[in-house]
Amino acid sequence: MEQYMKRALELAKLGWGYTNPNPLVGAVIVKDSRIIGEGYHEYFGGPHAEINAIKNAKEDVKGAQLYVTLEPCCHHGKTPPCVDAIIKSGIQDVYIAMEDPNSFVSGKGIKYLKEAGLNVYTGILKNEAQKLNEIFIKYITTKIPYVILKSAMTVDGKIATTIGDSKWITNEKSREHVHMLRGRVMAIMVGVNTVIKDNPYLTARIRGLKSPTRIIIDSQGRIPLDSNVLCDRSAKTIIATTKKMPVDKINKLRNLAIDIIIVDSIDGKVNLKELIKVLGTMGIDSVLIEGGGTLNYSALKEGIVDKVMFYIAPKIIGGSNALTPVEGNGIDYIKDAIKLNDIEITKFDDDILITGYIEKWV
């Protein structure tokens, strides 16, 4: 059974970057120990995985087994209920990795199938399915975006030299992986200092992946009007600011078709916790923070970060004034340090990626 669910999970991954804020779902139909149909949720608003698998089946699915990574829906959304199509198809057994955390579905789809006489089994590769849809699970249950903090540094913990040079710390494979991440999330966030210093585009430069919405944290309106993030139209840009931004600067930005979000300030800086809630109301389910040490510290301190991804290059540059991934005031005692759980280590040639999940400060 696990081999078929593993295949369904692999299929689900094909929807990365296209289904947000909907989940990633894969489905496999098996008959006489043979896979006769496969499908996945290909894009937001499109047919669900189960429907695609039934449609793609090479033979009659009556009496077959369906393996699906998420509980089939039983309500009318952008598409009709999947449970009706499953029952009508004559599929007899349904294996589900995890229940849908969406309150409109949770448990109801399973109950509906059972009442129709189908055999339903749950929990196969549940942990893998939950990790695959960690963004969806948080957003659908809280309406707050899932936040990933990414940084690239040397083995001695520096993100730039003492004169500010930072290109390139990590290798090409690591940088390509970052672009893939950008294509999987709905938004990317940096501070205005990064824009002023590096003038980045903040796009996903991998063919077939769409670029995320760019969110620039600019408390006082210092962003240059000729910045690439303002002039490049391949992705949307939002400026998150406070009442300290001059009205004339706001008007100039709006004339460039840039959206402005004004939130309260904390110590003169954008209140990130308030901002992240606003982004959630806008339908943004995930944010990748690629800022400098100041923004990273604020994000961690305000408790908005769910996951960190640190790319480490086998280089040493030293320098007591060289910047580090997390600046700010820091923590006084080791016992109070931010802790990471479920650590994963990945290699990109000589670079190392450390991924971990935050134990929140607050």
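**View 1. Cys231, a partly exposed cysteine.** In this predicted model, how much of Cys231 can be reached from outside? Its relative accessible area is 46%. Because that value lies between the 20% and 50% cut-offs, Cys231 counts as partly exposed.

**View 2. Cys73 and Cys82, two cysteines without a bond.** Here we turn to another cysteine. Cys73 has a relative accessibility of 6%, so it counts as buried. Which cysteine sulfur is closest to that of Cys73? It belongs to Cys82, at 3.6 Å. A disulfide is a covalent bond between the sulfur atoms of two cysteines. To be counted as one, the two sulfur atoms must lie within 2.5 Å, so the pair Cys73 and Cys82 is too far apart for a bond. By this rule, the number of disulfides comes to 0.

**View 3. An open sheet of 5 strands.** Follow the strands across the sheet and you will meet them in the order S2-S1-S3-S4-S5. Their pairing is mixed. Which strands sit at the edges? They are S2, covering residues 34-40, and S5, covering residues 119-122, and each of these pairs on one side only. On average, neighbouring strands of this sheet are turned by 15 degrees against each other, ignoring direction. If sheets are new to you, keep in mind that their strands pair through backbone hydrogen bonds, either parallel or antiparallel.

**View 4. Strands S4 and S5 with helix H4.** This view stays with one end of the sheet's order. How do S4 and S5 run relative to each other, parallel or antiparallel? They run parallel, and 4 bridges join S4, made of residues 93-98, to S5. You can look for Tyr95 here, which stands opposite Tyr121 in S5. Helix H4, residues 108-115, packs on the sheet and touches both S4 and S5. The direction of H4 makes about 150 degrees with that of S5.

**View 5. Stepping back to the whole protein.** How many helices and strands are there in total? The secondary structure comes to 12 helices and 16 strands. The radius of gyration is 23 Å, close to the 21 Å that the globule rule gives for 362 residues, so the protein is as compact as a globular protein of that length. Along its principal axes, the C-alpha trace spans about 70 × 45 × 40 Å. Of the 362 residues, 51% count as buried. Among contacts between residues at least 6 apart in sequence, 70% join residues at least 24 apart.

**View 6. The surface of the protein.** The accessible surface comes to about 17,400 Å². Carbon and sulfur atoms account for 51% of this surface.

Technical notes: Residues are numbered from 1 along each chain as its sequence is written. This is a predicted model: local features need pLDDT of at least 70, side-chain atom pairs count only at pLDDT 80 or more; totals for chains, interfaces and linings use all residues. Side-chain values use heavy atoms; hydrogens and water are left out. Two strands pair if DSSP finds at least two bridges between them. Helices (H or I, at least four residues) and strands (E, at least two) are DSSP runs, numbered from the N terminus. Axes are lines fitted to C-alpha atoms, for helices over the stretch in contact, and angles run from 0 to 180 degrees between N-to-C directions. Contact means heavy atoms within 4.5 Å. The radius of gyration is taken over C-alpha atoms; the globule rule is 2.2 Å times the number of residues to the power 0.38. Buried means under 20% relative accessible area, exposed over 50%, partly exposed in between (1.4 Å probe, protein chains only). Accessible areas come from the Shrake-Rupley method with a 1.4 Å probe; for residues, only the protein chains shown count as cover.
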